[in-house]
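Got your viewer open? Let's take a short walk through this one, stop by stop.

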Amino acid sequence: MPDTDSGALQELRVVEAELNERWPETKIEPSLERIRALTDLLAEPQRGYPVVHVAGTNGKSSTSRMVDALLSRRGLRVGRYTSPHLQMATERISIDGGPISPSGYVEAYRDVAPYVSIVDSRSEIAMSKFEVLTGMALAAFAEAPVEAAVLEVGLGGSWDATNVADAQVAVLCPVSVDHAEYLGSDIAGIAAEKAGVIKPDSVVVLASQPAEAERVIMERIAEVGATVAREGHEFGVLERTVAVGGQMLRLQGLSGIYDEVFLPLHGEHQARNAALALATVEAFFGAGAEHHLDADTIGEAFAGVITPGRLERVRAAPSVLVDAAHNPHGARALADALTSEFSFRRLVAVVSVMADKDARGILAELEPVVEELVITRNSSPRAMDPDELAGLAAEVFGQERIGVEPRLDDAVESAIGMAEETSDPGEAISGGGVVITGSVVTAGEGRALFGKEPA
């Protein structure tokens, strides 16, 4: 667990304030020059350990956590870099399966800060917050030292700061439209950008993709001479059964079949993420029958996986779930899981979406499974105005099915009351549910409301 010493937390707030003076992660200038200059000054820490690079539109964080768990259970010391965080910045840099401590985060920043200043002085554009964070993570992993690093792409691929590393295994999660202001809305173009993480002679573990995305990715694989393993061909989910607290899986890996794998996560999309992670770790160690992973090790690793803010239950009665779905693809996966794995008598959604996201698309995916909607606003300055979001929601849900509560805590309290309502005074109030969703920030703040610690 991260230390909670008040002095360390105060230092962390100071560091975050300094980082927040830089360009935010929503503003980029496509170039690897600054991060390369920083890593050169740091003696290229990213070359001190093998790298698994996870790209795609949805599923990156969950897949990264599963890969981390599998590698760790095999006895490796693992560093994991993910973004954005749900509750606390320390979540982004993980070593030994947990967030770096606040004091460790501050130390990582102080270690790289002098070199960041040098890069800033030599560039017309100062390093962005994400670039500095990436440098911090790469250096912290070298200092630990780790035996493997799992790096989640922040945005895109080719020009993402994490692409300063040359991955031994590149993972391509499902590609769809998101961050259209930077990546456009053309699936082929988005796929080409994300495929930039594929390096010569690497192994690519490829999730099922839209045809136009797969074509572009396969062209990149051929161009650089990489090897590919494809979901539905070399690996995949053979069977999936809903179980108490998650699902039971039968997985086809690159090195054989793994039976009775319990995954304490909900949704077909998480089962597919599990297959993707399994194939990634097999590729990392060298696929083939002679490299078949120990079934007990695989089972223990998956059984212990935690994915905060991904269809996570934070209250039992009525059930309150939080989910970080922030685009239509993610909302569709959420809706499918809610339909297939839960039987709510009445489901109420609490929604706050960022202003630059496809809010209408998210709402349209949720509409068939949600009875009522409470529109609110999270604490991010990028959050869409509740009245504007309510206007879009009225077009999708109808005015009679929506309410507005500007504060998230009030919205959640209202939704819980709505979930417990019955039309018949004699009817039991059990079976109601609430899902808090629309963005990573919304999910993180929903977790915090119920006392969940950063993980």
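**Stop one: the cavity.** Select Ser61, Arg65, Arg80, Thr82, Ser83, Pro84, His85, Leu86, Glu91, Arg92, Pro308 and Arg310, and you have the lining of the largest cavity on screen. Keep in mind as you look that this is a predicted model. The space inside the largest cavity comes to about 110 Å³. A search of the whole structure turns up one cavity of 30 Å³ or more. Try colouring the lining by class: you should get five charged, four polar and three nonpolar residues.

**Stop two: a pocket.** Next, select Arg65, Arg80, Gly97, Gly304 and Ile306. Among the 20 residues that line the second largest pocket, these are the closest to its centre. Arg65 and Arg80 may look familiar, since they are also in the lining of the largest cavity. The volume of the second largest pocket is about 360 Å³.

Which elements give two or more residues to the lining of this pocket? Show α3 (60-73), β4 (98-99) and α10 (295-303), and you have them. The one that gives the most is α3, with five residues. Colour by class again, and the pocket lining splits into eight nonpolar, seven charged and five polar residues.

**Stop three: α3 against α10.** Stay with two of those elements and hide the rest. The axes of α3 and α10 come within 9 Å and cross at roughly 135°, so α3 is oblique to α10. Their crossing is right-handed. Now turn on side chains: from α3, pick Met66, Ala69, Leu70 and Arg73, and from α10, pick Thr297, Ile298, Glu300, Ala301 and Phe302, which they meet. By class, this contact has six nonpolar, two charged and one polar residues.

**Stop four: α4 against α5.** For the last stop, select residues 102-122 for helix α4 and residues 129-143 for helix α5. These two pack with their axes 9 Å apart, at an angle of about 115°, which means α4 is roughly perpendicular to α5. The crossing of α4 and α5 is right-handed.

Who makes the contact? On the α4 side, show Tyr105, Ala108, Tyr109, Val112 and Val116; on the α5 side, show Val132, Leu133, Gly135, Met136 and Ala139. How many charged residues does the contact of α4 with α5 have? There are no charged residues in it, with nine nonpolar and one polar making up the set.

Conventions. Residues are numbered from 1 along each chain as its sequence is written. This is a predicted model: local features need pLDDT of at least 70, side-chain atom pairs count only at pLDDT 80 or more; totals for chains, interfaces and linings use all residues. Side-chain values use heavy atoms; hydrogens and water are left out. On a 1 Å grid over the protein atoms alone, a cavity is a set of points where a 1.4 Å probe fits but cannot get out, and a pocket is an open set with protein on both sides within 12 Å along at least five of seven lines; lining residues have an atom within 4 Å of a point. Grid points are joined across faces, edges and corners, and a volume is the space filled by probe spheres set on the points. Ala, Val, Leu, Ile, Met, Phe, Trp, Tyr, Cys and Pro count as nonpolar, Asp, Glu, Lys and Arg as charged, and the others, Gly among them, as polar. Axes are lines fitted to C-alpha atoms, for helices over the stretch in contact, and angles run from 0 to 180 degrees between N-to-C directions. Helices (H or I, at least four residues) and strands (E, at least two) are DSSP runs, numbered from the N terminus. Angles under 35 degrees count as roughly parallel, over 145 as roughly antiparallel, 65 to 115 as roughly perpendicular and the rest as oblique. A crossing is left-handed if the near helix is turned anticlockwise from the far one by less than a right angle, and right-handed if clockwise. Contact means heavy atoms within 4.5 Å.
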